[in-house]
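I set out to look up one helix, one pocket and the totals for the chain, and I note below what I found.

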Amino acid sequence: MRSKTADRSSSLGSSSNCSSSSSSSEDSASTSVVTRRQPTRRVHSKSRLGCFSCKRRRVKCDERRPCCAPCSRLGLQCEYPPRNAEVHSTTTLDIPRPVLSSVALEDLRFHHQFLTVAYPSLPLRGDAIWSQCAAMTHEFDFLAHAALGLGASHLSQNGTGNYTAQALQHRVTAIRLINQQLSAPANKSLDQADALFAALICIVAQSCLIPHGMTEYLVMTRGATLVASSIMPDMGRSIFRTFSSEGHIEALSRMISDQTRDLSMIEGFHQSVLKLEPLCKQNHEKRYFQSLIRTIVSAPTSSFGAWREFVDLFLMPSLMSNEEFQSFIDPSSHVCQLLIIHMFLLDYVLGRSFISLVDEPKCSGRKDMVIFWTRNIINALPTGYQEYTPWLESFCETLSAQDARYLLSP
């Protein structure tokens, strides 16, 4: 037995320093066995196309997509380099990957502004509806940009910073994405239609916070009205179902709260509009003038009647023919500019008579912008039109010192 052990020691560990004693032979044999059992390191080719997680942990990636085996086993997020960075690609599947968002940290502030105070005033008392819309922004990029743009403009007008550039960037992006949606096939899901309508209302509301945005406000309002009729034929299933004609009238009846009327202010507006009658030559100018008169004449006696007349007045440009509308918004048409700015100011004349302070807007940015538009129009009028401006100038001074109540048009 001893001779066999010695022979095994000689054959397995011939390079060891062995003594002639049996114990030395046994130690040498034991050492030789342990040395033999050490596993040799397997040589493998280095993965150049592995996922980022495996590269960080310096482990072999099997490059399986969409999730490799190591990441799947450990529950890690598995991400691969872009395909244009790969040296070679043979059998891997072309899995579509989400586009990385370009949202900046300051956009979080714009989103917060939208959620808390900047969301549109329509539908009336529609806080819950706009909360639902805010929850949809992660699904629809056009709605996200429209909401962020509105939040940025609102913050610029009512805060301490200037985010005009960011607001414009989001607005331009939103309009481009909306146009892409509208040029796509007409069949929209209910969520898509709601998101598009919400984005359009946000664009309209933002127009009222942009210097020199009066014309764009009318253009966007007309566009939103026309688009809504085509993409939302069934308002009954929409989150905006209370914004149907019937729903809006019902909301008006709940909101109207007869306040102390300033009859001298109402009469001043009436007389200012009457002066414009001889200037109205075109049919659309005459119709608009008559709608202004019907609205203000109803104000002293019927809050509900005056508000309904104002809704018709507000929608009238959207119902004009293309030729009439282009003539109506032409900045060189001084009578139309005077008619339009009277409409914006009428919103505030009636607001103080019909709206409770409970429903007063939290910020005055829209009111300040309407005053800015009014003064710009006055300054742009030729000398021969200055006789039509005294009440406008006087009311701007009054409005500057008053609260921001209006009839809650966008």
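I began with helix H9, residues 190-207, whose 18 residues should span 26 Å at 1.5 Å a residue, and its end C-alpha atoms are 26 Å apart, which agrees. The expected span is 1.5 Å times one less than the number of residues, and helices are DSSP runs of H or I of at least four residues, strands runs of E of at least two, numbered from the N terminus. I then found 15 of the 18 residues of H9 to be buried (under 20% relative accessible area, 1.4 Å probe, protein chains only), so H9 is largely enclosed by the rest of the structure.

The model is predicted, and local features need pLDDT of at least 70, side-chain atom pairs pLDDT 80 or more, while totals for chains, interfaces and linings use all residues. Residues are numbered from 1 along each chain as its sequence is written, and side-chain values use heavy atoms, without hydrogens and water.

Next I looked up the second largest pocket (on a 1 Å grid over the protein atoms alone, an open set of points where a 1.4 Å probe fits, with protein on both sides within 12 Å along at least five of seven lines; lining residues have an atom within 4 Å of a point). Its lining has 32 residues, and Val117, Tyr119, Ser121, Pro361 and Lys362 lie nearest its centre. Helix H5 (105-118), helix H7 (141-158) and helix H17 (365-380) are the elements that each give two or more residues to this lining.

For the whole protein chain, I noted 18 helices and zero strands, and 46% of its 410 residues count as buried. Of its contacts (heavy atoms within 4.5 Å) with a separation of 6 or more, 71% join residues 24 or more positions apart.

Key. Buried means under 20% relative accessible area, exposed over 50%, partly exposed in between (1.4 Å probe, protein chains only).
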